[in-house]
Amino acid sequence: MTASPHHSIREDWLALTQEDVLAPGQPIFDCHHHLWDRAEGRYRAEELMADVGAGHDVRASLYVQCRTGYRTHGPEALRPVGEVETVLDWTRDHDRFPVGIIAMADLQLGDAVRPVLEALAEAGQGRVKGIRNTTAWHADAAVRSNPNPPPDGLLRSDAFRAGAQAVAAEGLSLDVWAYQTQLDEVRALAEAVPELTVIVDHCGGPLGVGPHDRFDPDNFNAWRDALAPVAALPNTRVKIGGFGLGVFGWRYADDDLPPLSERLAKDWRPWILTCIDLFGPARAMFESNFPVDKGQVGYGALWNTFKRIAAPLTAEEQHALFWRSAARSYNIDEQIFSHDLGRIPS
């Protein structure tokens, strides 16, 4: 079995630091998390609900594909339908966690992916909102965020583009996880399929490992300059988060104590403010990327970090970043966030 590229979750380590919840009345839509039960650890409904119930006003969540629960039989193209079935089974007692699902359908099938999209929609009972494929690729072996990285060129292929057009025709969005070195491919895809909402995951993959030095201004500028043309397209969005990913280069997991939000806000502010500046709050959204990021930061500190950085913005801009942009991008009922539904019990 290929080793996980993610930092291990240590609940005892995370418990070593605690901080009060900032702006506890701010509704939150956690628009990017995973669920799994693997040799590396378990993160299912119980673990998710423990995190979202720890103090922040998290109203709903969005599950994003990660090869959980695929079918082990039947046509290969339909096996990812098992992920939707598994997630709904695991979370059957929590109707808003997740309120939506980003599923997997192999877009290399081109237009032939349509029956798969229909099967996913049927299995999802209205909750499948979009599609994501494994597309993050880098020539350097040190840059890996997936134990089974894809081949180069998927985002550039004619078949993938045809598959993306089928996704748009079904009224679904496309999440794309790509490194900063692939952002021109993301731009070309979004430009070629203007009817498709393309949601760029994890700040567009700013890199800090291998040949990429996180502290090098030229590396930062290369990421920003590659992201700007993507942001210039009206059909693109960005998820702000993913700083716990190993490829970003932060090494909080090596410290004796987990980081508090004041430190994280200082560390992450340049990237976060750049994303907000390029896309605007109406096309940007905060995400947890749990349990991946949980190896480096606690859920409470993570959302406090976003709140610290967003504090100078207007109330409307903060609502956009914390829930409205994501709700509109994924066609989620906004009343979940704009009405007092009560907190998730801790």
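**A partly exposed loop residue, two buried residues and the chain around them**

Ala77 is partly exposed, with a relative accessible area of 29%. This value, like the others here, comes from a predicted model. The residue belongs to the loop that runs between strand S4 (57–64) and helix H3 (81–90). Once residues up to four places away in sequence are set aside, Ala77 touches Leu109 and Val116. For a sense of distance, Ala77 can be set beside Thr135: the two are 58 residues apart in sequence, and their C-alpha atoms are 17 Å apart in space.

A helix offers a second place to look. Thr305 sits in helix H9, which covers residues 299–310. Thr305 has a relative accessible area of 0%, and because the limit for a buried residue is under 20%, Thr305 counts as buried. A polar atom of the Thr305 side chain lies 2.7 Å from the backbone oxygen of Ala301. Beyond its neighbours within four places in sequence, Thr305 is in contact with Ser261, Leu264, Ala265 and Trp268.

The third stop is towards the start of the numbering. His7 is found in the segment that precedes helix H1 (11–14). With a relative accessibility of 16%, His7 counts as buried. Its side chain makes a polar contact of 3.3 Å with the side chain of Gln296. Gln296 also appears among the residues in contact with His7 when neighbours within four places in sequence are left aside; the others are Gly244, Gly246, Trp250, Arg251, Ala253 and Gly295.

With these three residues in place, the view can widen to the whole chain. Its secondary structure amounts to eleven helices and ten strands. The radius of gyration is 19 Å, close to the 20 Å given by the globule rule for 346 residues, so the chain is as compact as a globular protein of that length. Along the principal axes, the C-alpha trace spans about 50 × 50 × 45 Å.

Burial and contacts can be described for the chain as well. Of its 346 residues, 58% count as buried. Where contacts link residues at least 6 apart in sequence, 81% of them join residues at least 24 apart. The contact between His7 and Gln296 is one that bridges distant parts of the numbering.

The surface completes the picture. The chain exposes about 14,100 Å², and carbon and sulfur atoms supply 49% of that area. Its charged side chains comprise 33 positive and 48 negative ones, and the centres of these two sets lie 1 Å apart.

Conventions:
Residues numbered from 1 in each chain as written. Predicted model: local features only at pLDDT ≥ 70, side-chain atom pairs only at ≥ 80, totals over all residues. Heavy atoms only, no water. Helix = DSSP H or I, 4+ residues; strand = E, 2+ residues; numbered from the N terminus. Rg over C-alpha atoms; globule rule 2.2 N^0.38 Å. Buried < 20%, exposed > 50% of the residue type's maximum accessible area, 1.4 Å probe, protein only. Contact = heavy atoms within 4.5 Å. Areas by Shrake-Rupley, 256 points an atom, 1.4 Å probe, with all protein chains shown as cover. Lys, Arg positive; Asp, Glu negative; His and termini not counted. Charge placed at Lys NZ, Arg CZ, Asp CG, Glu CD. Polar contact = N/O pair within 3.5 Å; in protein donor to acceptor, adjacent residues only side chain to side chain.
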